[in-house]
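Colleague: I am new to this structure and would like a close look at a single part of it, the nonpolar core, with enough of the surroundings to place it. Could you take me through it slowly?

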Amino acid sequence: MTGYLALSWADLAAASLFLLLNAVLSIRLQLGLERQLMVSAARMVVQLLMIGLVLKLVFASVSPWLTLGLALIMVLFAGREVRARQSRPLAGPWGYTLGAGAMVAAGAIVTVSALIGAIGADPWWHPQYALPLFGMVLGNVMTGVSLGLETFLGAATRERDGIEARLLLGMDRGEAMRPQVQRAMRAGLTPIVNAMAATGVVSLPGMMTGQILSGVDPQEAVKYQLLIMFLLAGASGLGVLGAVLGAARRLTDARHRLRLDRLAPEPR
């Protein structure tokens, strides 16, 4: 069987019954998650319907400026999510711009390279190819950057005495904070490493599944999924590296002193 399998609103309503089942279980088990489930589901529906309409207009216009504008909006929201997931982020604009900057740099490098090279889109900024690919890359980099920054900033706070002791022994700031940087890098890269290890054995990724359901030959779907996984791994590595090293640089000064005063105040 080949061809696109269209979904009706009745099909979606039937699938949502499993979500309602989770809400009922939350009520029966007194988990207190039923409101969050319903609100999150409602937000998801509204957001996806809105982005579907926006993408339809952007795809029809084929404007590089609209494509760039939508990509920037995606980065702004991703930067906000990264900062919100940190218990004690960097103070001031650094708490937002560091994560967003690392994501946009890694995402742009990898996405543009793939569009010009492997995919060969014409023009390379065509929204039909650029925006979905950039969205996938950005989402995965966001997870890695969030985990990397949270791990590093938390470790720097907890292990302040050890870092300052190494600085007093004559180590420069790079050497003194190397254990924390290495730990943060491992934490940030763990999700993509786990995803690659499980892909094809434990799970079939969403993109590959969607292509197969729409009638694409499985071998072609595999090629595209491999391309995407390679891009995600590369972008995650670049993004986490940039964010963690940037945070390490910000938490020290030119005199090789630890500057935890540059972190936001602890939540009360």
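Modeller: Accessible areas here come from the Shrake-Rupley method with a 1.4 Å probe. For this chain, which is a predicted model, the accessible surface comes to about 16100 Å², and 66% of that area belongs to carbon and sulfur atoms. The chain has 268 residues, of which 32% count as buried, and its C-alpha atoms fill a box of roughly 70 × 55 × 40 Å along the principal axes. There are 11 helices and zero strands, and among contacts between residues at least 6 apart in sequence, 69% join residues at least 24 apart.

Turning to the part you asked about, the largest nonpolar core holds 50 residues, and those touching the most other members are Met-103, Phe-152 and Leu-251. At least two residues of this core are supplied by each of helix H4 (64–84), helix H5 (94–119), helix H6 (127–158), helix H7 (160–168), helix H9 (178–198) and helix H11 (218–250). The largest share, 13 residues, comes from H6.

Met-103 rewards a closer look: leaving aside residues up to four places away in sequence, Met-103 touches Ala-78, Gly-79 and Val-82, and also Leu-138, Val-141, Met-142 and Val-145. As for charge, the chain carries 23 positive and 15 negative side chains, and the centres of these two sets lie 7 Å apart.

Note on methods:
Residues are numbered from 1 along each chain as its sequence is written. This is a predicted model: local features need pLDDT of at least 70, side-chain atom pairs count only at pLDDT 80 or more; totals for chains, interfaces and linings use all residues. Side-chain values use heavy atoms; hydrogens and water are left out. A nonpolar core is a set of buried Ala, Val, Leu, Ile, Met, Phe, Trp, Tyr and Cys residues joined through side-chain atoms within 4.5 Å. Buried means under 20% relative accessible area, exposed over 50%, partly exposed in between (1.4 Å probe, protein chains only). Helices (H or I, at least four residues) and strands (E, at least two) are DSSP runs, numbered from the N terminus. Contact means heavy atoms within 4.5 Å. Lys and Arg count as positive and Asp and Glu as negative; His and the chain ends are not counted. The place of a charge is taken as NZ of Lys, CZ of Arg, CG of Asp or CD of Glu.
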